[in-house]
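Biologist: Please put the model on screen. I would like to go through its helices, its sheet and its cysteines.

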Amino acid sequence: MPNANFQFHGSITALITPFADGKLDEKRFQEFVAWQIAQGTHAVVPCGTTGESPTLSHEEHHRVVDLCVQVAKGKIPVMAGCGSNSTVEAISLTQHAEKSGADAALHVMPYYNKPTQEGLYQHFKAIHDNSGLPIYIYNIPGRSVVNMTVETMARLAQLPRIVGTKDATNDLVRPYKTRAACGEKFVQLSGEDATAIPFLSAGGHGCISVTSNVAPALCAQMQNAWAKGDVATAQKLADQLTPLHDALFVETSPGPVKYAASLMGLCRYELRLPLVPVAKTTEKIVEDALRGLGLLSADVKAVKRA
């Protein structure tokens with residue numbers, strides 16, 4: 001069950017990054033973070049994959065973290081995405097996030113260069129040893145190709161500031177094994193919206209969510225209900241959210257969620273290559289899912305493609 005004694009718990013939004021004419025839309029981004037806070041989101045993650053971090057320059061990456069911290073500081077915690085398949089770059093991004101005032105750093109598995117388990121251990125240990133922020137390990141073999149074993153994670157959990165994981169393995173047995181190997185204080189956050197409740201039932205503490213970009217109140221209410229022991233309400237909300245979860249992953253994220261956010265007036269519908277606007281069929285699926293939850297009025301028209 002989620003525990004508010006953990007700094008990161010409940011509904012944690014993996015923030016989109018609004019663009020306007022190819023540049024960061026700083027005003028929209030800070031308004032979006034403020035809206036997330038007002039809607040009850042428990043924490044935020046700037047500069048993750050949902051925020052199109054692979055397309056951000058170092059200067060933009062730094063700026064997005066700075067802008068997020070400016071709005072969220074003292075209200076909700078910020079876990080800055082700092083991952084890279086270059087250990088030196090990952091350290092540099094983490095050091096900036098620490099200087100900016102972020103509360104933790106999220107680090108994805110080093111992608112493409114496919115390190116061994118020992119390489120993974122040394123990568124995360126180097127980040128730990130060269131920065132002062134709490135570190136969360138993001139295990140997502142579907143995008144990074146490498147999968148950190150529970151044994152490697154347990155080795156890393158012995159380091160004082162490697163405190164948790166974002167688990168996007170979609171393996172609901174893994175939280176049990178991770179808790180047994182890493183201890184009950186090791187924070188486990190789901191990286192899969194569709195399995196948020198099953199992950200909690202397996203001992204997880206919350207979900208780093210794509211869906212909460214556009215349904216933050218419902219996602220937070222679901223997590224709050226579970227934390228209070230109101231399983232029936234949590235399950236009902238999970239059932240209601242499932243069509244939206246499905247819609248937001250019909251194509252590669254964040255294409256669908258950015259389209260959804262644009263329909264709600266939260267940002268322009270603008271992606272950076274190699275991501276492109278979603279297909280017309282996907283647009284309809286997303287629109288129908290939003291309307292099914294009452295998040296979109298019937299008269300809203302599809303936005304003009306950027």
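**Helix packing, sheet and cysteines**

Modeller: Helix α10 (residues 231-247) and helix α12 (residues 280-292) have axes that come within 9 Å and cross at roughly 160°. This is a predicted model, where local features need pLDDT of at least 70, side-chain atom pairs count only at pLDDT 80 or more, and totals for chains, interfaces and linings use all residues. Residues are numbered from 1 along each chain as its sequence is written, and side-chain values use heavy atoms, with hydrogens and water left out.

Biologist: Is α10 roughly parallel or roughly antiparallel to α12?

Modeller: Axes are lines fitted to C-alpha atoms, for helices over the stretch in contact, and angles run from 0 to 180 degrees between N-to-C directions. Angles under 35 degrees count as roughly parallel, over 145 as roughly antiparallel, 65 to 115 as roughly perpendicular and the rest as oblique. The crossing is at roughly 160°, so α10 and α12 are roughly antiparallel.

Biologist: Which residues of α10 and α12 make the contact?

Modeller: Contact means heavy atoms within 4.5 Å. From α12 come Ile-285, Val-286, Ala-289 and Leu-290, and from α10 come Pro-243, Leu-244 and Ala-247.

Biologist: Which strands stand at the edges of the open sheet?

Modeller: Helices (H or I, at least four residues) and strands (E, at least two) are DSSP runs, numbered from the N terminus; two strands pair if DSSP finds at least two bridges between them. The eight strands of the open sheet follow the order β4-β1-β10-β9-β8-β7-β6-β5, with parallel pairing. Two of them have a single partner strand each, so one side of each is left without a neighbour in the sheet: β4 (43-45) and β5 (79-81).

Biologist: What is the bridge partner of Thr-13 in β10?

Modeller: Strand β1 (residues 10-14) and strand β10 (residues 206-209) run parallel and are joined by four bridges. In β10, the partner of Thr-13 is Ser-209.

Biologist: Why is Cys-207 not bonded to Cys-219?

Modeller: A disulfide is a pair of cysteine sulfur atoms within 2.5 Å. By this rule the count is zero disulfides. Cys-219 holds the closest cysteine sulfur to that of Cys-207, but it is too far for a bond, at 7.4 Å.

Biologist: Is Ser-190 buried or exposed?

Modeller: Ser-190 lies in strand β9 (residues 187-190). Not counting residues up to four places away in sequence, Ser-190 touches several residues, among them Lys-166, Phe-199 and Cys-207. Buried means under 20% relative accessible area, exposed over 50%, partly exposed in between (1.4 Å probe, protein chains only). At 0% relative accessibility, Ser-190 is buried.
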